[in-house]
Amino acid sequence: VTKNLTINVQPVLQITNAGLPSGMVGTTYASAVTASGGNAPYTFTVSGTMPPGLSLSPGGAIASTGCAG
């Protein structure tokens, strides 16, 4: 008995940002984490804690309305 088998190998997941822009206390901030490879769609989460007033959405958006520091 013979059975054909197909194996699909996904490319390695990579964070494609070279870096994120610097922020300043008291100002709004907006940026995003981007990725390629792997198995999209991607869901981003925080391991640990973000600085006060800063958030990361499941889609990779990083935002702040500005905190006093």
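# Close-up views of strand β5 and its surroundings

**View 1. Ala 32 and Ala 61 sit across from each other on paired strands.** In β5, Ala 61 is the bridge partner of Ala 32. The model shown here is predicted. Ala 32 belongs to β2, whose residues are 29–32, and four bridges join β2 to β5. The two strands run antiparallel. Ala 61 is not buried, and its side chain points to the face of β5 that it shares with Ala 63. Ala 32 is likewise not buried, and its side chain points to the face of β2 that it shares with Ala 30.

**View 2. Strand β4 also pairs with β5.** Three bridges join β4, residues 54–56, to β5, and these strands run antiparallel. Ser 55 has Ala 63 as its bridge partner in β5. β4 and β5 form a hairpin, with four residues between them. Gly 60 lies in the turn and has a positive phi of about 105°. Most residues other than glycine have a negative phi.

**View 3. Side chains alternate along β5.** The strand covers residues 61–64. Ile 62 and Ser 64 point to one face and are buried. Ala 61 and Ala 63 point to the other face and are not buried.

**View 4. Ser 64 is a buried residue of β5.** Its relative accessible area is 12%, under the 20% limit for buried. A polar atom of the Ser 64 side chain lies 3.2 Å from the backbone oxygen of Gly 53. Leaving aside neighbours within four places in sequence, Ser 64 is in contact with Thr 28, Tyr 29, Gly 53 and Leu 54.

**View 5. Thr 28 is exposed in the loop between β1 and β2.** Its relative accessibility is 63%, so Thr 28 clears the 50% limit for exposed. Thr 28 is one of the contacts of Ser 64. Thr 28 and Ala 63 are 35 residues apart in sequence, yet 7.5 Å apart in space, C-alpha to C-alpha.

**View 6. Ser 31 is buried in β2.** Its relative accessibility is 19%. Ser 31 counts as buried because the limit is 20%. Along β2 the side chains alternate. Tyr 29 and Ser 31 point to one face and are buried, while Ala 30 and Ala 32 point to the other and are not. Beyond neighbours within four places in sequence, Ser 31 is in contact with Leu 20, Pro 21, Gly 60, Ala 61 and Ile 62. Gly 60 is in the turn of the β4–β5 hairpin.

**View 7. A cis peptide bond joins Ala 40 and Pro 41.** Omega is about 5°. Pro 41 is placed in the loop between β3, residues 35–36, and β4. Most peptide bonds are trans.

**View 8. A nonpolar patch lies on the surface.** Leu 5, Ile 7 and Val 9 form the patch, with about 400 Å² of accessible area together. Val 9 is in the segment before β1, which covers residues 14–15. Val 9 is exposed, at a relative accessible area of 73%.

**View 9. Lys 3 lies in the segment before β1.** Lys 3 is exposed, with a relative accessible area of 76%. Lys 3 and Pro 51 are 48 residues apart in sequence. In space they are 54 Å apart, C-alpha to C-alpha.

Technical notes: Residues are numbered from 1 along each chain as its sequence is written. This is a predicted model: local features need pLDDT of at least 70, side-chain atom pairs count only at pLDDT 80 or more; totals for chains, interfaces and linings use all residues. Side-chain values use heavy atoms; hydrogens and water are left out. Patches are made of residues with over 30% relative accessible area and no salt bridge: like charges are joined within 9 Å, nonpolar side chains (Val, Leu, Ile, Met, Phe, Trp, Tyr) within 5 Å. Accessible areas come from the Shrake-Rupley method with a 1.4 Å probe; for residues, only the protein chains shown count as cover. A salt bridge is a side-chain nitrogen of Lys or Arg within 4 Å of a carboxyl oxygen of Asp or Glu. Buried means under 20% relative accessible area, exposed over 50%, partly exposed in between (1.4 Å probe, protein chains only). A polar contact is a pair of N or O atoms within 3.5 Å; within protein, one must be able to donate a hydrogen and the other to accept it, and residues adjacent in sequence count only if both atoms are side-chain atoms. Contact means heavy atoms within 4.5 Å. Two strands pair if DSSP finds at least two bridges between them.
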